[in-house]
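Student: Please give me a close look at the aromatic rings here, and set them in their surroundings in one connected account.

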Amino acid sequence: MKEKEARNRISKAVLHLCPQNSKTTNARVVSIGRGHRAEFEFFINNEKITGSTFKFFKGEQGDQICVKYSTEDPRVNLYC
């Protein structure tokens, strides 16, 4: 759990500091866990990328959400 929280803090910092190297796309919510945290997936160049929200998510499984990701490494991503 702490690893994911650290990754989210790093993702937020990287995307905030380097907005010219980021894009947005739609992702699909694949599951909602404890505390209403959503796991999502999206595709870049036919590669499935996963991520999770670290905010309270007020939606349902299957919803489409906005995700901001690093063009250099899409695994660095953030729920918009």
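Tutor: The structure holds three aromatic pairs, where a pair means rings of Phe, Tyr or Trp (its six-membered ring) with centres within 6.5 Å, called stacked if the planes are under 30 degrees apart, edge-to-face if over 60, and tilted for the rest. This is a predicted model, in which local features need a pLDDT of at least 70 and side-chain atom pairs count only at pLDDT 80 or more, whereas totals for chains, interfaces and linings use all residues. Residues are numbered from 1 along each chain as its sequence is written, and side-chain values use heavy atoms, with hydrogens and water left out.

One of the pairs is formed by phenylalanine 42 and tyrosine 69, whose rings are tilted, at 5.7 Å centre to centre and with 35° between the planes. Because phenylalanine 42 belongs to strand 2 and tyrosine 69 to strand 4, this pair ties together parts that are 27 residues apart in sequence. Strands here are DSSP runs (E, at least two residues) and helices likewise (H or I, at least four), numbered from the N terminus. Both phenylalanine 42 and tyrosine 69 are buried, a word that stands for under 20% relative accessible area, with exposed being over 50% and partly exposed in between (1.4 Å probe, protein chains only). Ring pairs also bring in Phe40, so that Phe40, Phe42 and Tyr69 are linked into a cluster.

What kind of pair do phenylalanine 57 and tyrosine 79 make? Their ring centres are 5.9 Å apart and their planes stand at 70°, so the pair is edge-to-face. It links distant parts of the chain, since phenylalanine 57 sits in the loop between strand 3 and strand 4 and tyrosine 79 in strand 5, 22 residues apart. Phenylalanine 57 counts as buried because its relative accessibility is 3%, while tyrosine 79, at 22%, counts as partly exposed.

Several of these rings belong to the largest nonpolar core, a term for a set of buried Ala, Val, Leu, Ile, Met, Phe, Trp, Tyr and Cys residues joined through side-chain atoms within 4.5 Å. That core has eleven residues in all, including Phe40, Phe42, Phe57, Val67 and Tyr69. At least two of its residues come from each of strand 1 (22–32), strand 2 (38–44) and strand 4 (64–70), and strand 2 supplies the largest share, with four.

Strand 4, which carries tyrosine 69, also has pairing partners, pairing being defined by at least two DSSP bridges between two strands. It runs antiparallel to strand 1, to which seven bridges join it, and in one of these places asparagine 26 has cysteine 66 as its bridge partner. Strand 4 is likewise antiparallel to strand 5 (residues 77–79), with three bridges between them, and the two form a hairpin with six residues in between. Within this hairpin, valine 67 stands opposite tyrosine 79, the residue whose ring meets that of phenylalanine 57.

As for confidence, pLDDT is the predictor's confidence in each residue, from 0 to 100; the chain has a mean of 84, with 78% of its residues at 70 or more. Among the elements of the chain, strand 2 has the highest mean pLDDT (96) and helix 1 (residues 2–17) the lowest (64).
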